[in-house]
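User: Could you take me through one part of this structure closely, namely the second pocket by size and the helices around it? I am a first-year student, so please go step by step and connect the pieces.

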Amino acid sequence: METRMIAVPSRTKEILDRYGLRAKKGFGQNFLVDPVIVTRCAEMSHPEGAVIEIGPGIGSLTEALAKNAQHVIAYEIDAGLIPVLQDTLAPYDNVEIILQDFLECDVADQVKRLKEEYGQVTVCANLPYYITTPVLFRIFSLGNDIPYITVMVQKEVGNRFAARPNDPDYGALSVQGQYLYNIRKLFTVPGRSFNPSPKVDSVIIQFERKQDADLTIDLDDFFNLIHALFKQRRKTIYNNLREYLKDADKAKQILEQAGIPEGCRAQELDVKQIRDLYEVLR
Ligand code: SAM
C-alpha cells in the first residue's frame, strides 16, 4: 500500500508521469508538492463537518482534508483529472468528486444539504488564480452558512483583502471583504511548493464570517458604491462620488452629512465610515 502523501514531490511526479499529465495553464493548474503546507492548511480550515474544495487537481489538498473532515466535496472542471482522482483518493470513502465548473454549480443547494447532514460547512481550496475573485464572491453570497473560508491565493490578492486604511494595497476588495469577514493571513507559500512553480509567491488567507454584519442592506448596491469610491484612487472622494451620482450638489451634501471631508481619498476611510456614507446615501 502507498504510504507517501500525494503532495510529496516524488509521488506527484510519478502520478503526473503515469497519466501523461501536464499542468494546464488555462485552468490555473499548479499542484501543491509540500505535505507540511497541505496538512497545516487543512488542519487550520475548521474542517470538523463537511468541507467544499474548488479544484482538487490530483488530490493533494483533498487528501489532507479527507483526513480531517467528515466529508469532502470537491468541484473539478478538468475531465482529464477525474480518473486520476478516482485512483489517488481511492483510500478515502468520505470524498465526493464532482466534474463541474464551480461558477456554474448550484452550490447553495449543496450547502443546505451538507449543513443538514454534517452540521457545519466550510470551504478550503488552492484557488485557480484566473477566477479567484469570482469564486470568492460566489462563496461570500452564501452568507453565514459558511463560517470559514480558507484559501490559497496569489500574495498580491491576499494583501489586498487583508490591507488596512492607508496601506497601498487598501481598496474596494479590502472594504468589501472586511465588511463581511475578519480576514487573516495565515502563512506565505513559496513558489517552490508547487509543480510547476509559479513566478509569484502565494499566501493562505482565512475569512471568518462576521455573524453580525448587517445583511439587511442591498449588498450589490453597497458594493457598487465601494467600487465607485475607489474608481480613481488619486481623485478625492468628492470627485469619485460626484461622478457616481452624476450630481455635484448631492455629492457635497452627502459627504457633509456623513462627516467626511471632501478632500480626503477613499483609501483613508475605514469600513465603518464607508458604511455610514452608504447609510446617508440610502
Ligand atoms: N488543489 C490542487 C492542489 O492544491 O494541488 C490543485 C490546485 S490548482 C491551483 C487549481 C485547480 O482548479 C485545478 O485542478 C483546475 O483544473 C481547477 N479549476 C480551474 N477552474 C475551475 C473551475 N471553474 N471550477 C472547478 N475547478 C476549477
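Analyst: What follows looks at that pocket, then at a pair of helices beside it, and then at other places in the chain.

Please keep in mind throughout that this is a predicted model. The second largest pocket holds about 210 Å³ of space, and of the 13 residues that line this pocket, Phe137, Phe140, Leu219, Asp220 and Phe223 are the closest to its centre. If you want to trace the lining along the chain, look at helix 6 (132-140), helix 8 (172-180) and helix 9 (219-229), each of which supplies at least two of the lining residues. The largest share comes from helix 9, which gives five residues to the lining of the second largest pocket. Sorted by class, that lining is made up of six nonpolar, five polar and two charged residues.

Two of these lining helices also pack against each other, and their contact deserves a careful look. Two packed helices are described by the angle between their axes together with the distance between those axes. For helix 8 and helix 9 the angle is about 150° and the axes are 9 Å apart, while the crossing of helix 8 and helix 9 is right-handed. On the helix 8 side, the residues that take part are Ala172, Val175, Gln176, Tyr179 and Leu180, and they meet Leu219, Phe222, Phe223, Ile226 and His227 of helix 9. In this contact eight residues are nonpolar, two are polar and none is charged. Leu219 and Phe223 thus appear in both parts of the picture, since they belong to the contact with helix 8 and are also listed among the residues closest to the centre of the second largest pocket.

For comparison, the largest pocket has a volume of about 730 Å³ and is lined by 39 residues, with Gly28, Gln29, Asn30, Pro128 and Tyr129 nearest its centre. Here the largest share of the lining, three residues, comes from strand 6, and the classes are 22 nonpolar, 11 polar and six charged residues.

Further along from helix 8, glycine 191 sits in the loop between strand 7 (181-189) and strand 8 (194-195). Glycine 191 has a relative accessible area of 9%, and because buried means under 20%, this residue counts as buried. Leaving aside residues up to four places away in sequence, glycine 191 touches Ser197, Pro198, Val200 and Asp201, and its C-alpha atom is 7.1 Å from that of serine 202, which lies 11 residues away along the chain.

Definitions and conventions
Residues are numbered from 1 along each chain as its sequence is written. This is a predicted model: local features need pLDDT of at least 70, side-chain atom pairs count only at pLDDT 80 or more; totals for chains, interfaces and linings use all residues. Side-chain values use heavy atoms; hydrogens and water are left out. On a 1 Å grid over the protein atoms alone, a cavity is a set of points where a 1.4 Å probe fits but cannot get out, and a pocket is an open set with protein on both sides within 12 Å along at least five of seven lines; lining residues have an atom within 4 Å of a point. Grid points are joined across faces, edges and corners, and a volume is the space filled by probe spheres set on the points. Helices (H or I, at least four residues) and strands (E, at least two) are DSSP runs, numbered from the N terminus. Ala, Val, Leu, Ile, Met, Phe, Trp, Tyr, Cys and Pro count as nonpolar, Asp, Glu, Lys and Arg as charged, and the others, Gly among them, as polar. Buried means under 20% relative accessible area, exposed over 50%, partly exposed in between (1.4 Å probe, protein chains only). Contact means heavy atoms within 4.5 Å. Axes are lines fitted to C-alpha atoms, for helices over the stretch in contact, and angles run from 0 to 180 degrees between N-to-C directions. A crossing is left-handed if the near helix is turned anticlockwise from the far one by less than a right angle, and right-handed if clockwise.
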